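Student: I'd like to practise reading a model with you, feature by feature. Could you give me the general idea each time and then the case at hand?

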Amino acid sequence: MSKVFFITGAGRGLGTDIARQALAAGHRVVATGRHRERVLDALGGEQANLLAVALDITDPDAAATAAQAAVDHFGRIDVLINNAANFYAGFFEELSDAQIRDQIETNLFGPMNVTRAVLPVMRAQRSGHVLTLSSLAGVIGVDFCVAYSAAKFGVEGFMESLHHDVAPFNIHTTIVEPGFFRTELLVDASTTYAEGSIDDYAERTAATKKVWESMNGAQSGDPAKLADALLKVADLQAPPLRFVAGDDCLQAVETKAKTLLAQVDASRALGSGLNHDDA
């Protein structure tokens, strides 16, 4: 059955793969990006089932305009894929306050802006599916990713709570947790390094930057396969709240789950009984 997909960050990387495969499957696609012409170029130009729309996800008014354009053109929105993101890399003390705020503005408030614009359409339909890209870094915090993880952990909380808000309207939500895929997140257009430089971190910063830069294009995950998997998730009658994608992420999330259970057990002696009045 043909659906209307609304995809952010469709001008390159994973967003392009998702849009391209959705079109090939016969779906109608609203493909958004900061520059409409780049989106069209990436997807092979104007097509009957394609609406390319300029969208800066950090602008709530632009999100509302894009959602209205989708409804005006296709009449509905069935699937929202919040894919657009960027990456501010660096140790916490070296990242500026402005950089951290920009990271959260794009990677957390951006999906919130677009979701807020699309939900009234889905509520009126009494159907819809919101998929938002989190990350392995939204489940496990690691060094040099503090700003990115802060935003992606926020995405996890936002989407898990949103599930309860919108389930009564037959709107599904899925948090997508990919591992390392060749999604262009590490290209210069998406990655920004910390503005500051502190001697105590200098050696680690240089070594970590070298590793991140060497990984670009060499990640094990195939974005075309991830796009295909996301289309299959979007087609499920009862989609999961979380979709863990990639062998590396599956293993890491499983390990984190076991670690959390161990931490619960370690907390039991001091943590239990604190809700009762012994007086």
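Tutor: Happy to. Keep in mind that this is a predicted model. Let's begin with N170, which is partly exposed, with a relative accessible area of 42%.

Student: Where does N170 sit?

Tutor: In the loop between α5 and β7. Now for its backbone. The general idea is that most residues other than glycine have a negative phi. N170 has a positive phi, near 60°, and is not a glycine.

Student: Let's take F144 next. What is its phi?

Tutor: About 75°, so again a positive value in a residue that is not a glycine. F144 belongs to the loop between β6 (128-133) and α5.

Student: Is F144 buried or exposed?

Tutor: Buried, since its relative accessible area is 2% and the cut-off for buried is under 20%. One of the residues that touch F144 is T205.

Student: Tell me about T205, then. Which helix holds it?

Tutor: Helix α6, residues 199-215. T205 is buried too, with a relative accessible area of 15%. Leaving aside residues up to four places away in sequence, T205 touches F91, E94 and F144.

Student: On to helix packing. What do I need in order to describe two packed helices?

Tutor: The angle between their axes and the distance between the axes. Try α4 (residues 97-125) and α5 (residues 146-166): their axes come within 8 Å and cross at roughly 20°. Angles under 35 degrees count as roughly parallel, and α4 and α5 are therefore roughly parallel to each other. Their crossing is right-handed.

Student: Which residues of α4 and α5 meet?

Tutor: From α4 you have I100, Q103, I104, N107, L108, P111, M112, T115 and L119. Facing them in α5 are A147, Y148, A150, A151, K152, G154, V155, F158, L162 and V166. Sorted by class, the residues of this contact are 14 nonpolar, four polar and one charged.

Student: And how do α1 and α7 cross?

Tutor: The axes of α1 (residues 13-24) and α7 (residues 223-234) come within 9 Å, and the angle is roughly 55°. That makes α1 and α7 oblique to each other. This crossing is right-handed as well.

Student: What does the contact of α1 with α7 consist of?

Tutor: On the α1 side, L14, D17, I18, Q21 and A22; on the α7 side, P223, A224, L226, A227, D228, L230 and L231. The classes here are nine nonpolar, one polar and two charged residues.

Student: Last topic: the nonpolar cores. Which residues touch the most other members in the largest one?

Tutor: F6, V30, L55, I77 and V114, out of 31 residues in that core. At least two residues each come from β1 (4-7), β3 (50-54), α3 (60-74), α4, α5 and β7 (171-178). The biggest contribution is from α4, with seven residues.

Student: What does V114 touch?

Tutor: Setting aside residues up to four places away in sequence, V114 touches F6, T8, L55, I57, A63, L80 and N82. There is also a second, separate core of 27 residues, with I18, L40, L43 and V176 among them. You've met I18 already, in the contact of α1 with α7.

Terms used
Residues numbered from 1 in each chain as written. Predicted model: local features only at pLDDT ≥ 70, side-chain atom pairs only at ≥ 80, totals over all residues. Heavy atoms only, no water. Axes fitted to C-alpha atoms, helices over the stretch in contact; angles between N-to-C directions. Helix = DSSP H or I, 4+ residues; strand = E, 2+ residues; numbered from the N terminus. Parallel < 35°, antiparallel > 145°, perpendicular 65-115°, else oblique. Left-handed = near helix turned anticlockwise from the far one by under 90°. Contact = heavy atoms within 4.5 Å. Nonpolar A, V, L, I, M, F, W, Y, C, P; charged D, E, K, R; others polar. Core = buried A, V, L, I, M, F, W, Y, C linked by side-chain atoms within 4.5 Å. Buried < 20%, exposed > 50% of the residue type's maximum accessible area, 1.4 Å probe, protein only.
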